[in-house]
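Thank you all for coming. I would like to walk through one structure with you, and I will put the sequence and the model on the screen before I begin.

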Amino acid sequence: MTEFGKDIFSTSKIVAGYNWAFIDSRIDSDLEYSPQFISNNAGNKVLTAIERELRNCDELFISVAFITKGGVAPLLGTLKELEHRGVKGRILTTDYLLFSDPAALDMLNGLSNLELRVFRTAEAGKGFHTKGYMFYKDNSLRIIVGSSNLTQAAITKNHEWNTRIVSTADGQFAVDIESEFEDLWNTSVCYDEYAVNYKNKTHERKELDRICRTLDLGYSKVLNPNIMQHHFIANVERLLLRGEKRALLISATGTGKTFASAFAVRDIFAKSIIARGKVLFLSHREQINKQALKSYARIFGKGVRMGLLSGSHCDMAEASSVDFLFSTMQMMAKDSVREMNFAKDEFSIIILDECHRTGAGSYQKIINYFKPALLLGMSASPERTDDFDVYSLFDHNIASEIRLQQALENDMLCPFHYYGITDLEIDGAGGDVRDFCFLTSDSRVEYIISKAEYFGYSGDKVRGLVFCSTKSESRELSRKFNETGKYNTIALSGDDSQGMRENAIARLLSNSKEDALDYIFTVDIFNEGVDIPEINQVIMLRPTESPIIFVQQLGRGLRKAEGKEYVIVLDFIANYDNNYMIPIALSGDRTGNKDNIRRSLMEGNNVISGPSTIYFDEISKKRIYASIDAAKLNRIQVLKQEYQNLKYKLGRIPSISDFDEYGELDPLRIIEASGSYHEFLLKYESEYDVSLDSVQMEMLEFVSRKFASGKRVHELVMLNLILNDAEDLMQDWELVMSAKYGVEIDYIVRTNIVNVFTNEFFGIGAARETFKNCIFLKVNEHGEYDVSEMFRSALECYDFRTQMRELVTFGLNRYMRDYNRHEPDTAFVLGKKYTYEDVCRLLNWRQNQVATNIGGYKYDEHTHTYPVFINYHKSDDISDTTKYEDRFESPSNLIAISKSKRTTQSPDVQMALNSVERGVRMELFVRKNKDDKESKEFYYLGLIVPTGFARQFNMPNTDATAVEIGYHLLKPVEANLYEYLTEGEL
């Protein structure tokens with residue numbers, strides 16, 4: 001297409017976009033060219049909009065009054081990409097109110113592709129309050145203008161009102177805003193020229209603010225419970241009044257579990273719910289106990305005697321006399337200590353910190369000996385990989401549960417900016433080379449330091465924690481950091497004494513230039529329990545072992561501290577098999593559904609609540625996608641463990657719906673692996689005693705595999721009516737479908753449903769033979785369809801009917817949750833995934849077609865439907881005649897390739913090119929990677945119509961011809977999904 005043609009095409013899209021935005025939202029438009037309102041509501045972050053424009057622009061201009069490190073930090077990864085691409089930019093800010101942070105301006109000024117200037121308000125005699133982001137792309141200008149400065153809150157969580165618009169370079173709006181920018185730019189000074197004076201003034205302003213806060217007589221350090229703690233206290237009291245004696249607190253790292261327990265103890269004693277008595281706080285480390293003692297002292301004051309009991313604090317007379325004893329498990333597990341000095345009813349309340357460890361024999365000795373009025377357990381991650389049931393220990397009384405995502409939503413944690421960075425490659429070998437020489441090489445050390453310095457930290461100095469793979473690696477990396485002369489670091493492990501650890505932490509927090517530490521290198525001793533709120537940079541130099549450990553290590557930086565606006569998390573990602581665990585950990589999704597994992601990686605910042613942000617560079621993102629594709633998430637041992645965790649939590653065998661209610665494992669994975677939930681329980685649950693015959697099991701598997709996902713409601717409604725003994729089945733079915741679901745049943749739909757329930761839909765061969773007994777309907781004496789004798793007989797079994805009812809209820813709930821917002825005149829939902837069989841069934845075809853018969857697309861003459869299936873990224877080893885270069889030209893336009901040995905006159909090509917005139921409905925289904933062995937599904941992208949473009953060509957290295965056909969999507973592909981599908985393209 002000529003440049004002139006492109007201009008006309010883009011202009012028409014802009015016009016359509018403005019008509020859609022300001023005249024009639026029913027008008028078809030391309031979202032890329034349409035005005036949009038951006039407010040930081042869910043899925044609509046200002047940051048996401050800015051990032052998207054940055055990644056696609058040819059040049060950028062930003063004019064904002066205020067810039068802070070928290071505003072710049074989330075963009076550093078994208079800005080570095082622009083520097084590598086040589087994309088130029090100009091950024092204009094002001095000295096107005098001395099608000100902008102010089103450190104943030106230094107970050108921007110340090111990028112070679114950006115030019116930074118400062119508008120001096122005093123000299124101009126007027127204020128400066130602009131908030132505009134402008135991006136050139138081709139011959140158009142993308143503009144975000146409104147209320148958002150470049151600050152952390154403004155681009156991530158505040159209520160903001162911004163408008164994103166697209167203008168041609170010749171549009172008056174673009175001309176005016178460019179002219180205004182140039183005028184301000186030309187009357188401003190280079191940042192380098194103004195930097196020293198500006199920094200001095202800003203420092204004076206910040207120091208004045210600090211003094212004012214210190215002198216503020218209204219300032220109070222009185223602690224009050226946060227939202228989680230209030231909820232927990234109330235529930236613990238409710239449990240005690242109900243006669244319970246045990247309770248469990250599940251709360252994300254950094255949310256204040258220790259303070260929650262202290263508040264609860266205070267209120268329980270104050271209200272005399274339990275008679276005031278001694279309290280035992282138990283953990284596995286002295287350091288944890290010392291910090292807990294300080295927290296309790298802040299709540300209870302000097303009137304309560306508190307003491308320690310550990311290897312280095314073993315004064316038994318003192319330990320026996322205090323009101324609150326903070327003991328290590330190791331000391332209290334000694335019979336000579338416990339039984340010789342403490343009565344069984346010595347403590348009214350016992351708190352077990354990090355209680356996921358309580359399966360150990362030493363913990364059990366303590367728990368079995370003492371008889372407190374309340375045994376309280378606390379953990380961020382009670383899920384276990386062994387066979388110990390933590391939940392049972394506390395009688396399944398979960399007093400409160402708040403995970404990372406909820407804690408972020410409730411502003412209980414310090415925001416984090418996470419960067420997934422490609423680990424260093426040497427001579428073509430990726431960072432998956434795990435030998436010691438590579439991990440500790442000079443080049444890798446330089447690489448780590450360069451990234452740590454570029455992405456920075458919040459505050460005046462770095463206070464970092466570095467997680468390594470081995471002790472030897474941590475020691476060698478620490479040594480090499482020290483050799484640079486820029487850093488003072490230390491390596492700690494479980495081999496080091498408690499005193500050494502405490503001394504290292506004190507030095508990390510010290511402001512002294514002589515002995516202060518910048519980093520502590522470790523393997524895992526800081527994974528849990530230790531509070532260092534001032535940590536402002538976490539570096540991960542090891543493969544992700546599990547989502548639990550990942551979150552534990554991330555959590556080291558999530559505690560709030562004065563002067564700390566955020567924490568930087570740098571994760572160096574190599575070609576590790578477990579990379580798929582990273583998006584699982586960050587999103588908090590525990591379903592194990594690959595589609596959910598990909599979606600969380602795809603949506604990035606829209607997944608994380610509040611000001612926290614996520615960034616992956618392109619290579620890291622590819623590595624994680626590859627890991628997701630290769631992961632065997634349906635391995636039976638994984639499913640068994642996830643199932644066991646939920647059983648422990650509930651204290652009973654979960655129903656299939658319990659998995660959804662408690663946000664756990666997606667039970668469809670169990671169905672994929674075992675055929676049905678019943679079969680899974682039969683094989684792996686010793687307490688399960690339901691027995692079904694072979695026909696009942698086959699029927700249960702059929703319904704589980706075909707309908708439990710809820711992708712279409714028709715079959716589920718039919719089964720529900722059968723289970724409720726409908727008198728006139730087909731008539732009642734049509735009435736319910738119309739009245740409750742707004743679906744009118746015609747002959748085509750009715751025929752399809754009947755074929756599905758009589759096994760005719762599956763044609764001949766293995767698919768039909770597998771479920772030969774699954775005949776649910778038959779023709780009765782009146783010529784109408786009714787329940788078959790086989791199914792009616794099966795339902796006489798109470799257990800089978802119960803199982804079927806649970807399954808149908810689950811499917812109906814899944815339909816309402818995931819699939820009820822389908823597109824008009826179709827059963828498909830945009831962005832959801834479907835198999836070949838799903839598509840044939842939901843298009844109401846009379847019979848299913850296997851993939852080889854469809855071959856990329858197929859026309860069905862009975863329904864006049866023509867689905868198009870595209871494997872967007874194909875394997876390198878497929879034959880030349882099937883190497884089709886299907887490609888998106890934009891979110892609304894696609895070039896798809898016909899089957900081989902086709903010309904523009906071939907019937908299937910002509911049917912596609914003339915589909916609108918012939919009344920043929922074409923729907924598009926796209927799969928990212930057909931090599932994913934577990935996922936055989938395609939994203940539904942909606943209706944497509946031919947654009948009229950068709951070009952016949954010869955396939956590479958063959959004499960076969962094929963045809964390129966242009967299609968227009970009636971609804972453009974959603975931005976994040978489009979980015980995922982086309983990821984890696986130029």
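Gly 420 stands opposite Asp 571 in strand β21, and I start with this pair of residues in what is, I should say at once, a predicted model. The strand on the other side of that pairing is β16, residues 416-422, which runs parallel to β21, residues 567-573, with seven bridges between the two. Another position along the pairing of these strands is Tyr 418, which has Val 569 of β21 opposite.

What does β16 pair with besides β21? It pairs with β22, again in the parallel sense, over four bridges, and here Tyr 419 is the residue that stands opposite Tyr 615 of β22.

If we now step back, these strands belong to an open sheet of seven strands with parallel pairing, whose order reads β18-β19-β17-β20-β21-β16-β22. Two strands stand at the edges, namely β18 at residues 489-491 and β22 at residues 613-616, and because each has a single partner strand, one side of each is left without a neighbour in the sheet. From one strand to the next, the twist averages 15 degrees. As a reminder for anyone new to sheets, strands pair through backbone hydrogen bonds, and the pairing can be parallel or antiparallel.

Is β16 covered or open on its faces? Both faces are covered: on one side Phe 416, Tyr 418, Gly 420 and Thr 422 are buried, and on the other side His 417, Tyr 419 and Ile 421 are buried as well. Put as a count, seven of the seven residues of β16 are buried.

Let me turn to a helix, α23, which covers residues 547-554 and contains Val 551. Val 551 has a relative accessibility of 23%, and therefore counts as partly exposed. Once its neighbours within four places in sequence are left aside, Val 551 is in contact with Leu 404 and Ala 585. Its C-alpha atom is separated by 9.3 Å from that of Ile 582, a residue 31 residues away along the chain.

The next topic is charge, and a search of the whole structure finds 55 salt bridges, of which I will show a few. In one of them the side chains of Glu 83 and Lys 80 meet, at 2.8 Å from N to O. These two residues are about one helical turn apart, because they lie three residues from each other in helix α4, residues 76-85. Glu 83 is buried, at a relative accessible area of 18%, whereas Lys 80, at 21%, counts as partly exposed.

A second example is the salt bridge between the side chains of Asp 629 and Arg 598, also given as 2.8 Å from N to O. This pair links distant parts of the chain, since Asp 629 is in helix α26, residues 618-630, and Arg 598 is in helix α25, residues 594-603, with their positions 31 residues apart. Both Asp 629 and Arg 598 are buried.

In a third example, Glu 964 forms a salt bridge with Arg 951, and their closest N and O atoms are 3.0 Å apart. Glu 964 belongs to strand β31, residues 961-969, and Arg 951 to strand β30, residues 938-954, so the pair ties together parts that are 13 residues apart in sequence. Glu 964 is buried, with a relative accessible area of 7%, while Arg 951 is partly exposed, with 39%. Salt bridges can also share partners, and in this way Lys 711, Arg 712, Glu 715, Asp 838, Arg 841 and Glu 937 are joined into one network.

I will finish with the aromatic rings. How many aromatic pairs does the structure hold? The number is 58, and ring pairs link Phe 702, Phe 707, Phe 757, Phe 761, Phe 762, Phe 771, Phe 776, Phe 791 and Phe 800 into a cluster.

Rings also appear here together with charges. The charged end of Arg 90 sits over the ring of Trp 185, at 5.1 Å from the ring centre, and the charged end of Lys 833 sits over the ring of Tyr 939, at 4.8 Å from the centre of that ring.

How values were computed. Residues numbered from 1 in each chain as written. Predicted model: local features only at pLDDT ≥ 70, side-chain atom pairs only at ≥ 80, totals over all residues. Heavy atoms only, no water. Pairing = 2+ DSSP bridges. Axes fitted to C-alpha atoms, helices over the stretch in contact; angles between N-to-C directions. Buried < 20%, exposed > 50% of the residue type's maximum accessible area, 1.4 Å probe, protein only. Contact = heavy atoms within 4.5 Å. Salt bridge = Lys/Arg side-chain N within 4 Å of Asp/Glu carboxyl O. Phe/Tyr/Trp six-rings, centres within 6.5 Å; stacked < 30°, edge-to-face > 60°. Lys NZ or Arg CZ within 6 Å of the ring centre and 35° of its normal.
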